[in-house]
Amino acid sequence: MKMLPVFESSGNGYLYSVLLNNIGTVLRDKEKFDTALTYFRKSLAIRLALSDSDGICSVYQNIGNSHADLGQHDSAVHYLSAALEIALRIASRSQIASCYAALGQAYALAKQFDKAYEYQS
């Protein structure tokens, strides 16, 4: 967290949003999902202001995956579907693949196995 105030005051919104997203990822790995969501949402606000489609897609995926971890399947599918829509629009193959995998996992966790299979095949 030592870098956070430095990046916040740097005036470089992009780097600050990357740092916020990275902190959220670490918190998600530590299973602190609600706190991770706070950081992801802060990162998302900056990415939206910057019109950074690739970054918005990534943060939506992180938010969706965090909701899936919390068992909030409708929210997970909402954010992951939004990420997929952006990934398709910007034609990012890696993002598209990641979104399909995450949506499949979210549906599997919700025990909607037919939908999960749809995204995994």
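Start by selecting Ser-94: at 57% relative accessibility, Ser-94 counts as exposed, because the cut-off for exposed is over 50%. Keep in mind that this is a predicted model. Ser-94 lies in helix α6. Now add Ala-82, which is 12 residues away along the chain. Draw a distance between the two C-alpha atoms, and the viewer should give 15 Å.

Next, go inside. Select Leu-103. Together with Leu-4, Leu-103 touches the most other members of the largest nonpolar core, a set of 33 residues. Which elements give two or more residues to this core? Colour α2 (13–29), α3, α4 (53–69), α5 (73–90), α6 (93–109) and α7 (113–120) to see them. Look hardest at α5, which gives the most, with seven residues.

Stay on Leu-103 and show its neighbours. Leaving aside residues up to four places away in sequence, Leu-103 touches Val-77, Leu-80, Ser-81, Leu-84 and Tyr-119.

Now move to helix α3, residues 33–50. Count 18 residues. From first C-alpha to last, α3 reaches 25 Å, close to the 26 Å expected at 1.5 Å a residue.

Which residues of α3 are buried? Show side chains for Phe-33, Ala-36, Leu-37, Tyr-39, Phe-40, Ser-43, Leu-44, Ile-46 and Arg-47. Ser-43 and Arg-47 are on that buried list, along with Phe-33 and Phe-40.

Last stop: step just past the end of α3 to Ser-51. Check the backbone there. Ser-51 takes a positive phi of about 55 degrees.

Definitions and conventions. Residues numbered from 1 in each chain as written. Predicted model: local features only at pLDDT ≥ 70, side-chain atom pairs only at ≥ 80, totals over all residues. Heavy atoms only, no water. Helix = DSSP H or I, 4+ residues; strand = E, 2+ residues; numbered from the N terminus. Expected span 1.5 Å × (residues − 1). Buried < 20%, exposed > 50% of the residue type's maximum accessible area, 1.4 Å probe, protein only. Core = buried A, V, L, I, M, F, W, Y, C linked by side-chain atoms within 4.5 Å. Contact = heavy atoms within 4.5 Å.
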